[in-house]
Each structure stands twice: as C-alpha cells, then as structure tokens.
Amino acid sequence: MEILKTAMAGTLESSDAQVTVEPGDNGIELMIESSVIHQYGRQIRAVALETLERLDVKNARVTIFDKGALDCTLKARVECAVYRSNGVSENLPWGGVIR
Amino acid sequence: MHPNKKRLRRSMMFLNCQKPGLIKDPYIYKPDSIMLDLEDAVAENQKDAARYSLFHALQEIDYHGVERVVRINGLDTPHWKEDIRVCVAGGADTIRIAKTETAQDVRTVEEHVLAAEREFGRPEGSTLLMAALESCKGVLNALEVCQSSDRLIGIALSGGDYTKDLQTTITGTGVELMGARQHMIMAARAAGVQCWDTVFTNLDDMEGFEKETRMIKLMGFDGKSLVNPRQIAVVHKVFTPAEKEIVFAEKVVREIDDKKAKGIGVFTVDGKMIDIAFYDGAKRTLAMAKAAGVYKGEL
Amino acid sequence: MINAVGREIPGEILKKTGKEPFKGAYANDNHEYKKAAPTVRALCDPGRSKMVENIHEALVKCGIRDGMTLSFHHHFREGDYVVNMVMEEIHKMGIKDLTICASSLGKANDPIVPYIEDGTITGIQSSGVRGKIGEAISTGRLRDLAIMRSHGGRVRAVESGEVHIDIAFIGAPTCDEYGNMRANGGKSDCGVLSYAMVDAEYADKVVALTDCLVPFPNVPASISMVHVDYVCVVDEIGNPAKIATGAAKPTTDVRKIMMADYCTQFVIHTPYFKEGFSYQTGVGGASIASTISLGKIMEERGIHMGLGLGGITTPMCELLEKGLIKKIVDTQDFDLGAIESIKRNPDHIEISASEYANPFNKGAFVNKLDFVILASLEVDVDFNCNVVVGSDGMITGAQGGHPDTAAGAKCTIVIAPLLQGRIPAICTRVTTVTTPGETVDVVITDYGIAINPRRQDLIECMKDVDLPFCTIEELRDKAYAMVGEPDPVQFDDRIVGVIEARDGTIIDVVRQIKEYEFS
C-alpha cells in the first residue's frame with residue numbers, strides 16, 4: 001500500500017502508542033520513542049516492520065511514540081494509520097493482511 | 001440450539017475498545033461477560049481505530065472463558081456494517097445491537113452476520129446476538145424482538161436513552177423504569193430468552209447499586225450491564241444462592257432424576273410438592289452456586 | 001566475584017570500597033565491633049549562645065571545608081527545603097568535594113543537581129534517590145560511587161564508623177535556643193525525627209535548623225540539646241502541604257483491593273496471626289486496603305495487634321484508636337492522621353532508626369515482626385526484589401526499610417501488580433538486587449500468589465486455603481506470555497553506585513545507563 005498522505009492513530013496514554021505515517025520515497029524510515037525502549041525496543045520495531053510489510057508498505061516515514069503498548073495495540077495503531085493515509089475505513093481485509 | 005445461548009450472564013461489563021489498558025485483562029475481575037464497546041464510548045472520529053484494536057484483542061488476547069460481547073453502533077449510523085464484519089472476523093461470541101426497535105432490526109443484523117460468517121469462514125450461526133432496547137418503541141416491541149432470531153440470547157434495557165425518550169430522567173428510585181423492566185422480563189420469559197437490567201452509573205453509591213441489583217433479581221432478571229469492575233462482586237454476591245437453596249436444589253435434581261427413571265411424576269422433597277417443572281430452576285440455582293464458587297458438587 | 005545472590009561484584013569495586021561481597025542475610029550474626037564516637041566540643045560557659053544568624057554563620061562556625069561529609073534527614077519528604085538551602089549556601093562559599101549522607105533524597109532535592117555537576121557534591125550516600133539526582137547518578141555525572149543503604153544499614157554505617165559525619169543539619173519543626181528539637185508543633189510538623197537521632201549522636205557538629213523557635217525548654221525532646229552545637233532560624237524548613245497530606249482515600253481500584261484481600265486472607269491463615277501479633281505495612285493503595293480489611297477480621301475475631309511498626313498511616317492509627325493495636329512504634333509519619341495520633345495517643349511511640357532496623361545493634365524492632373507487607377518494582381524467580389533501579393535502568397527509588405523488615409519478619413509479603421504497563425513485575429532476573437530473595441516469603445499479584453519454596457511450612461499451612469496459588473515461574477510465564485520477554489537494559493561498563501546489604505556487604509552494583517541502541 002502506498003502512503004498517500006500523513007495520518008496518525010493512537011494516543012499518548014499509558015499502554016497505548018501514537019503512530020504517524022508520512023509519505024516517503026526512501027524505504028521505511030522508522031523512528032521509535034518508547035517508555036520501555038530498553039526492554040521492548042527490539043520487539044516494537046519488529047512488530048512495526050512486520051505489520052508494514054504485511055500491508056505492503058514499501059516507502060514511508062513512520063514515527064512511533066510508545067507508552068508501553070502491547071503488540072496487539074501496536075499492530076492496531078500502525079494498521080489504522082496506514083489505512084487512514086489511504087482514506088479507507090470500510091471493507092477492510094480482516095484476517096487477511098490485517099491479522 | 002447454540003450451546004452458549006443460555007450460559008450464565010449475571011455480570012456484563014462494558015469496556016471501551018479504545019483503551020488498551022482496559023481491554024488487556026478484564027478477565028481477572030471474573031465477569032461473566034465483557035462488552036467491548038464500539039458505540040457510545042468511542043468518539044465519532046475514532047470509530048475506525050477502535051475496530052483495529054477490537055480485532056487484535058479478539059484474536060490475540062486470551063479472555064479465559066469470559067464471553068466476549070461487542071456492542072456495535074446503531075443501524076441509524078454509517079458504522080454498523082463494518083462493525084459486524086470486524087466482530088465476526090475477530091470471532092466475537094456475541095454482538096449487542098444498540099438501539100433495537102423492531103424484530104426487523106435484529107433480522108437485518110442477522111443477515112449481515114450470516115454474510116460475514118460466510119465471508120470470513122466462520123461456522124454459520126456461531127455468532128450470537130443480543131438486543132439493547134433504548135426507546136419506548138423498542139420496549140413495547142420487546143416480545144417480537146425476543147422472538148426475532150434463533151441467535152438472539154436476550155434483551156437488555158438501556159435506561160439512559162429510554163428515560164430520555166419517556167421524557168423523564170433516571171431518579172434512583174426506579175419508578176421511571178418500572179414499566180419497562182416488568183414488560184421486558186415478561187417478554188423475555190415468554191420467548192425463552194434472557195433479560196438484563198440497565199447500568200448503574202453512580203460509583204459512589206455502592207449501597208444503592210446493591211439495592212437495585214437485589215430488586216432486579218427478585219423481578220426475574222438474569223443479570224445487569226455494568227460500567228466498572230467494582231460492581232462485579234456485588235452482582236455475584238446478590239446472585240449467589242443461599243446455602244439452604246443449594247441443598248434444596250441438589251435434592252430436587254437428584255430426586256427428579258431418580259423418580260423419572262422409576263416413572264413417578266409428583267413427589268415431595270422436604271415436605272414440598274415437587275414435579276418436573278422444578279427441574280430447570282433447580283439446575284439454574286446450582287449453576288449459579290457453582291459460578292459463585294459456593295457449590296463444588298457434580299450436578 | 002559472584003556473591004550470594006548470584007551477582008558479579010568486580011574486584012576493583014571491592015578494592016575501592018574495602019567492602020565484602022554479600023554472603024547471606026544473616027552471615028554477620030554475632031559480629032563484634034567497637035562503635036565510633038564523635039569529636040565533641042564542650043559548652044560549659046552558661047553565657048555562650050548556640051544561636052547563629054544564618055546558615056552561612058553556622059557553616060563558618062562548624063569549620064566547613066572541602067571533602068567533608070554532611071548529613072540530612074528525609075522526614076520532610078517531598079516538602080524538604082533543608083538540603084537545598086544548606087547546599088546553596090555551601091555552593092556560594094565555593095566549598096568542593098563534599099559527600100552527602102542523607103537518610104533519603106527525593107524529587108524535592110532536584111535543585112542540588114547542578115552542584116553535582118560542578119563538583120561541589122562528589123559523593124552521595126542515601127537510602128535512595130528519585131528524580132533528577134537519580135538521573136545524574138545513572139548518567140555518570142557524580143564523581144564518586146553512590147552508596148545505597150537501607151535505613152538500618154545507614155545507621156549501622158554511622159554507628160560503626162564506616163561513614164563519619166562531619167556536620168549534621170537537622171531540620172526541626174520546633175526547637176529552643178539550646179537545641180532541644182521536637183518533631184511536633186510549628187509549621188512543618190512531621191511527627192517524628194527518628195532518622196536524625198543517630199546523626200545527632202555521631203556527627204562531630206550538629207546544626208539545628210528550625211522555622212519555629214520556641215521557649216526553652218522544648219521537652220520532651222526528640223533530639224536533645226546535649227548533641228547540638230548551633231541553632232539557626234530560617235523562614236521555612238519545608239512545605240507543609242508536601243510534608244504530610246491528608247490520609248489517602250481508600251483505593252477504589254478493584255485490582256488493588258483484590259490483591260489486598262489475597263494478602264489479608266494469606267495473613268490470617270498463617271500461624272502468626274494470633275493475639276499480640278506484630279505487623280508493618282507501607283503506604284501503597286493495596287497495603288492500606290489490606291490494613292483496612294485485616295482490621296475488620298481482627299475486630300470480628302477479637303485478635304489484637306501487639307505491635308504496629310514502621311512508617312505509619314491513618315488506617316493504622318484508626319486501629320490503635322479502636323483498641324485493636326496495643327502499641328504503634330513509629331519511625332516516619334506518612335500523613336496528617338499519623339502526625340495527629342503520635343501527638344495525642346500515649347500508645348503511639350517515636351523510636352530512633354537504630355532501634356527500628358540497625359542489624360548491628362543488640363536487636364532491632366524489625367527482628368520482632370511477624371508480618372511485613374511490602375511493594376517492589378521487580379521480583380525475580382529467586383524472590384530477589386529490586387526497589388531502587390527502574391526498569392529503564394535509572395535509579396529511581398529507595399531501599400528504605402525494605403531489606404531490614406524483610407530480613408526481620410517471620411512472614412515477608414510483597415504485593416506487586418503483575419504488569420506495570422508493559423513491564424512485568426515478576427521476571428527471570430531483577431535489574432538490580434536490593435533485597436535478597438532468601439528473606440522474601442510470599443509474592444502476591446493480581447494473577448496469583450507464589451510462596452517461596454524455602455517456606456515449605458507456609459506452603460503446608462496454605463494447602464487447603466482457597467487462594468490462587470502458583471509458582472513464581474508460572475507468574476513470570478504468565479507475564480511474559482502477555483507482554484513478551486523483556487530484553488535486559490543496556491548498561492555501560494562503568495559502575496556508578498553500589499547497593500549495600502544491611503550488613504555493609506555489597507549485594508549488587510549499579511552501572512551507568514547507555515543510550516538505547518537497536519542491535
């Protein structure tokens with residue numbers, strides 16, 4: 001999927017993550033700031049990259065402000081930001097590339 | 001019949017799908033059901049975001065046997081169709097239909113649920129439905145709603161919207177809800193489905209909450225919609241049968257099983273006339289006692 | 001060298017500090033030593049006044065110079081002005097190379113961080129530090145090793161002469177012109193002065209700072225004039241609103257109430273719950289809730305607590321008022337109710353930190369505890385606790401009386417929610433060991449309760465009790481299943497602090513934190 005416009009999802013509340021995606025042309029540029037970076041930085045990055053790959057996002061600037069979100073929340077926020085950047089909110093591929 | 005259609009549902013706790021901290025482990029409070037909310041708790045511009053959270057919660061969090069109900073947006077909104085798709089795809093146990101007014105509303109949802117079950121390869125009929133009645137029209141149509149679908153497990157009163165429609169307010173005395181409660185429980189029983197009372201929102205008045213819970217139990221309700229985990233223990237306490245009731249129920253079940261085999265229809269237990277009509281009630285008492293942890297027997 | 005809790009203590013640190021690696025919680029039982037003594041300057045001329053105009057004059061008269069060790073107490077908690085005020089004056093005088101030996105330092109003391117950076121302060125010894133001081137130590141800005149000691153361990157260090165205090169600055173809610181200090185009355189009422197008592201007895205020079213000078217004699221005194229060299233009146237020694245707040249409302253958080261109920265059920269099913277039992281608990285929501293629920297059962301069963309110990313909160317005082325507690329023995333007051341109680345109730349007694357917890361006196365109050373209810377940032381599968389270093393590697397808490405009470409009590413219970421956000425409280429290996437697992441008996445979480453396998457006796461008596469028991473490994477596995485297994489914090493090689501066990505041995509070291517790098 002292409003990132004058509006800047007879009008954001010999530011909040012800065014505890015256990016949540018705020019994800020911003022912006023159009024890019026230089027592969028995936030991922031910036032992560034996290035309150036649990038030491039323990040979970042590696043896993044947060046892995047989940048974000050896997051999710052973007054599943055959604056077939058090849059070029060994007062992605063910023064994550066993580067407040068201790070679980071993997072399921074991280075995925076949800078990344079997916080939401082990507083679909084928002086495409087203006088899509090219906091007939092989503094639940095269980096397909098969203099999984 | 002779906003094996004879970006009549007499961008125990010004393011406590012049905014609302015949770016905002018948009019709050020990751022809330023949805024990660026509500027089962028530790030041991031409610032019978034959680035109701036993940038896509039409707040009122042979610043802001044209009046976050047309806048999409050809530051669905052992704054819901055989907056992954058349903059797919060990835062082990063709720064340890066707690067029933068996962070999802071409250072979808074009303075049929076008068078642009079959201080309900082996608083809500084149904086995500087519920088079914090995620091494997092929600094039950095869908096709570098907001099603002100139900102007619103049997104047709106339930107059937108409309110049912111159609112879309114069936115389509116989604118086919119789309120996502122879920123067994124047809126696996127997703128149950130419950131209807132929230134939130135208007136005078138809905139309450140008056142309670143019987144047809146209760147009889148609208150095999151998937152329908154029951155009806156729930158939504159007191160806030162209903163009293164607005166009545167042009168009154170929640171007073172705490174229960175007088176404004178009296179008619180709806182009586183009417184709904186009768187409709188539910190007539191149709192053989194369950195019935196749940198509305199939420200009690202004043203968390204500082206735990207005494208009032210317990211009083212209301214005792215009242216609705218006496219009226220016949222199966223349980224209550226809840227807004228806070230603090231309320232769960234109170235509901236379970238009220239719905240826990242007394243020691244005497246448990247002992248009696250156990251005797252009734254044993255005697256009926258025994259006498260049925262011998263072809264005897266009417267007999268006495270502890271001096272009381274008993275027949276087969278007592279069987280379901282006694283079974284319910286034992287199930288409730290078991291859920292409350294006060295009955296460890298095998299019946 | 002690997003110590004008794006499996007931590008590598010580098011030889012250079014042992015050499016630099018002259019300390020031994022930790023050998024076990026009771027390895028130094030029967031230890032004999034000669035106590036230290038201060039150098040005292042006599043006052044026999046009745047015409048000489050102890051009053052000084054200001055802090056500057058006090059410092060000059062005390063002979064402040066580079067390299068000294070200064071002590072402070074933390075009874076004013078997050079409302080403390082004394083440390084900042086004294087250090088500001090010292091900084092103005094250009095004195096360098098000082099060691100601060102405080103019973104604890106909090107966020108209120110953030111303003112001294114620039115003095116760490118410019119070399120005014122080069123050593124910190126404390127029960128713990130929070131806020132910016134913790135960050136300064138963890139990021140390697142303090143020149144010397146920080147030393148973290150428990151409350152009892154600090155007293156031991158002072159009394160044994162391991163640390164010698166040159167000047168003690170003691171903030172006193174009331175004081176007379178001859179230095180009799182009381183914790184009650186005045187503007188900055190803090191209830192007790194327990195942690196300052198040992199400083200008064202062992203420091204060469206003692207300066208009393210007060211914002212409420214009262215007529216002589218201010219008796220009965222918490223700290224007597226016989227230890228005090230100078231008395232200095234200042235405008236404010238603290239912010240009363242932050243020294244003591246109203247009693248915390250009992251928590252409505254069901255998770256905490258649930259853990260509190262587990263705790264109370266556990267307590268009452270041990271053989272120690274009987275007439276005259278002794279008990280200490282903390283200020284957390286779950287601790288307070290368990291005090292309240294335990295009180296109800298004590299009332300129902302007519303069982304009285306003989307001794308309520310430690311940091312005191314209103315719910316304990318309410319049990320005292322009801323006659324359910326015989327004596328409260330107090331080293332710190334956490335709220336206004338506790339402060340009021342010690343003023344009014346003759347069965348509510350102030351003691352020194354030495355009497356409370358010093359492992360090297362001839363028996364401290366903690367040794368007589370049946371139960372202590374504690375919290376912890378992390379607990380590992382060996383039951384080791386970490387209450388000092390945050391999960392991000394930053395020093396952010398205090399040992400306080402944690403290791404002391406855990407070592408003393410017959411039944412040490414740690415309450416911790418399994419997850420704090422994404423961080424699991426139960427883990428394979430704590431970031432830093434601050435309380436040894438051999439002294440921790442039970443861990444209560446919202447997901448289950450684990451009894452230390454060393455306590456087969458407790459496991460046996462809980463056999464038929466209806467509580468969600470499991471092993472500590474099961475708790476860890478539950479946590480990891482939900483949040484993933486955490487990676488270890490990335491530290492630098494440089495050691496910035498040592499965690500002392502109660503007996504002065506090294507139980508663990510704290511390393512400088514590193515900017516996180518994706519591998």
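**Entry 1. Two helices of chain A**

I began with the helix pair in chain A and noted that α1(A) and α2(A) are oblique to each other. The model I am reading is a predicted one. For the pair I looked up the angle, which is about 40°, and the separation of the axes, which is 9 Å. Angles under 35 degrees would count as roughly parallel and those from 65 to 115 as roughly perpendicular, so the pair falls under oblique. Helix α1 covers residues 37-54 of chain A, and helix α2 covers residues 71-85. The crossing of α1(A) past α2(A) is right-handed.

Which residues of the two helices make the contact? On the α1(A) side I listed Ile44(A), Val47(A), Ala48(A), Thr51(A) and Leu52(A). On the α2(A) side I listed Asp71(A), Leu74(A), Lys75(A), Val78(A) and Glu79(A).

**Entry 2. Chain A as a whole**

Next I stepped back to the whole of chain A. I found two helices and four strands in chain A. Their order along the sequence is β-β-β-α-β-α. Chain A has a radius of gyration of 12 Å, and the globule rule gives 13 Å for 99 residues, so chain A is as compact as a globular protein of that length. I noted a box of roughly 35 × 30 × 20 Å for its C-alpha atoms, taken along the principal axes.

How much of chain A is buried? Of its 99 residues, 48% count as buried. I also looked at contacts between residues at least 6 apart in the sequence of chain A, and 71% of these join residues at least 24 apart.

**Entry 3. Ser14(A)**

I then looked up a single residue, Ser14(A). The unreviewed UniProt entry annotates Ser14(A) as "modified residue: O-(phosphoribosyl dephospho-coenzyme A)serine". In the model, Ser14(A) sits in the loop between β1 (7-9) and β2 (17-23) of chain A.

Is Ser14(A) buried, exposed or partly exposed? I read 15 C-beta neighbours inside 10 Å of Ser14(A). Buried needs 20 or more and exposed needs 12 or fewer, so Ser14(A) counts as partly exposed.

What does Ser14(A) touch, leaving out residues up to four places away in sequence? Within chain A I noted Lys67(A) and Gly68(A). From the other chains I noted Gly21(B) and Gly421(C).

**Entry 4. Chain B and its side towards chain A**

I turned to chain B, which has 12 helices and 10 strands. The radius of gyration of chain B is 20 Å and the globule rule gives 19 Å for 299 residues, so chain B is as compact as a globular protein of that length. Its C-alpha atoms fill a box of roughly 65 × 45 × 35 Å along the principal axes. Of the 299 residues of chain B, 48% count as buried. For contacts in chain B with a separation of 6 or more, I noted that 68% come from residues 24 or more positions apart.

Between the two chains, I found 18 residues of chain B in contact with 17 residues of chain A. On the chain B side, α1 (20-23), α2 (47-60) and α3 (80-90) each supply at least two residues. Which element gives the largest share of that side? It is α2(B), with eight residues.

**Entry 5. Chain C**

Last I went through chain C, where I found 16 helices and 25 strands. I noted a radius of gyration of 23 Å for chain C against 24 Å from the globule rule for 519 residues, so chain C is as compact as a globular protein of that length. Its C-alpha trace spans about 75 × 60 × 45 Å along the principal axes. I noted that 57% of the 519 residues of chain C count as buried. In chain C, residues 24 or more positions apart account for 74% of the contacts with a separation of 6 or more.

I picked out one helix pair here too. Helix α9 (residues 254-268) and helix α10 (residues 285-301) of chain C have axes that come within 8 Å and cross at roughly 45°. They are therefore oblique to each other, and α9(C) passes α10(C) in a right-handed crossing. The residues in this contact include Ala260(C), Thr264(C) and Val267(C) of α9(C), and Ala289(C), Ser293(C) and Ile297(C) of α10(C).

My final stop was Pro215(C), in the loop between β9 (205-210) and β10 (230-233) of chain C. Pro215(C) counts as exposed because I read 7 C-beta neighbours inside 10 Å. Glu177(C) is 38 residues from Pro215(C) in sequence, and the two are 7.5 Å apart in space, C-alpha to C-alpha.

Terms used. Residues are numbered from 1 along each chain as its sequence is written. Chains are lettered from A and ligands numbered from 1 in the order in which they are written. This is a predicted model: local features need pLDDT of at least 70, side-chain atom pairs count only at pLDDT 80 or more; totals for chains, interfaces and linings use all residues. The radius of gyration is taken over C-alpha atoms; the globule rule is 2.2 Å times the number of residues to the power 0.38. Two residues are in contact if their C-beta atoms, placed from the backbone, lie within 7 Å. UniProt positions are given in the numbering used here, feature names are shortened, and annotations may be inferred rather than shown by experiment. Axes are lines fitted to C-alpha atoms, for helices over the stretch in contact, and angles run from 0 to 180 degrees between N-to-C directions. Angles under 35 degrees count as roughly parallel, over 145 as roughly antiparallel, 65 to 115 as roughly perpendicular and the rest as oblique. A crossing is left-handed if the near helix is turned anticlockwise from the far one by less than a right angle, and right-handed if clockwise.
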